Amino acid sequence: VQMADYSSIASSFPIEKTPEQKQKRFAMFSQFDPNGNGYLSLAEVDKGLHSTYGLDGVYSCKPAILRAFNAAKGLHGKGGRDDDYVTKIEFRMLLVYLKQYFELFQIFAGIDQGGDRRIDADEFAAAAPRLKEWGMAINDDTKVTFDEIDGNGGGQILFVEFCEWAISKNLLEHVHDTDE
């Protein structure tokens, strides 16, 4: 599966609040929930994405799936078991988050030329012109912005750090604005 496929798959997720989309979403939840207990584990989400969308490369975007799963689980907030799994009520937001994190993962992977799931200062500097085209505020000395994103000071930008920065700066809004 090519990276571009993740965004096209995510765009087909039934995330709208229409009756038709809700019906599709509930059917999709049932496909993802083989034991019918009303709770989705991370493994069930992985398997559901693989079997529903044929995502053989689901493991290559595991960081995106993990971030989306962790963001969605427990949103309904009853406490206990509900906070460890994604429930049917939280499933729409899981799909929304999957779409968002798949897009961020695609951008991240495009910057990560070494394929080691980390962005070094040189890779970031090389991507800075494209990020600027999208309207992102990147310091002329790219190392300044790099250090701002590198939250743990490890000299590499990890996916989680990239996501926190990108979301705080509305990166996806900027990207979609330039698509038109």
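How do α4 and α8 lie relative to each other, roughly parallel or oblique? They are oblique, a label that follows from the angle between their axes (under 35 degrees counts as roughly parallel, over 145 as roughly antiparallel, 65 to 115 as roughly perpendicular, and the rest as oblique). Welcome to a short tour of this predicted model, in which local features need pLDDT of at least 70 and side-chain atom pairs count only at pLDDT 80 or more, while totals for chains, interfaces and linings use all residues. Residues are numbered from 1 along each chain as its sequence is written, and side-chain values use heavy atoms, with hydrogens and water left out.

**Overall layout**

- The chain holds 9 helices and 4 strands, taken as DSSP runs numbered from the N terminus (helices are H or I with at least four residues, strands are E with at least two).
- From start to end, the order of these elements is α-α-β-α-α-β-α-β-α-α-β-α-α.
- Of the 180 residues in the chain, 41% are buried; here buried means under 20% relative accessible area, exposed means over 50%, and partly exposed is in between, with a 1.4 Å probe and protein chains only.

**Helix pairs**

- Helix α4 (residues 62-72) and helix α8 (residues 159-168) have axes that come within 11 Å and cross at roughly 55°; such axes are lines fitted to C-alpha atoms, for helices over the stretch in contact, and the angles run from 0 to 180 degrees between N-to-C directions.
- The crossing in which α4 passes α8 is right-handed, a term used when the near helix is turned clockwise from the far one by less than a right angle, with anticlockwise giving left-handed.
- For helix α2 (residues 19-32) and helix α3 (residues 42-53), the axes come within 8 Å and cross at roughly 115°.
- That angle is why α2 and α3 count as roughly perpendicular to each other, and their crossing is right-handed.

**A closer look at α6**

- Helix α6 (residues 121-133) has 13 residues, so at 1.5 Å a residue it should span 18 Å, and the 19 Å between its end C-alpha atoms agrees; the expected span is 1.5 Å times one less than the number of residues.
- A kink of about 45° is found at A127, shortly before the proline P129, where the bend is the angle between axes fitted to the seven residues ending at a position and the seven starting there.
- Its buried residues are E123, F124, A127, A128 and L131.
- An α-helix has 3.6 residues a turn, so residues three or four places apart point the same way.
- At the N-terminal end of α6, D120 acts as the cap, with a side-chain oxygen 3.1 Å from the backbone nitrogen of D122; a polar contact is a pair of N or O atoms within 3.5 Å, where within protein one must be able to donate a hydrogen and the other to accept it, and residues adjacent in sequence count only if both atoms are side-chain atoms.
- Just after α6 comes G135, which takes a positive phi of about 90°.

**Loop residues**

- R117 sits in the loop between α5 (91-111) and β3 (118-119), and has a positive phi of about 65° although it is not a glycine.
- R117 is partly exposed because its relative accessibility is 37%.
- G38 belongs to the loop between α2 and β1 (39-40) and, at 27% relative accessibility, counts as partly exposed.
- The C-alpha atoms of G38 and V86 are 8.4 Å apart, with these positions 48 residues apart along the chain.

**Contacts across the sequence**

- Y101 is part of helix α5 and is buried, with a relative accessible area of 6%.
- The C-alpha atom of Y101 is 4.9 Å from that of A64, although the two are 37 residues apart along the chain.
- I119 lies in strand β3 and is buried, with a relative accessible area of 0%.
- I119 and Q156, 37 residues apart along the chain, have C-alpha atoms separated by 5.4 Å.
- E148 is in helix α7 (residues 142-149) and, at 48% relative accessibility, counts as partly exposed.
- Between the C-alpha atoms of E148 and W165 there are 8.5 Å, at a distance of 17 residues along the chain.
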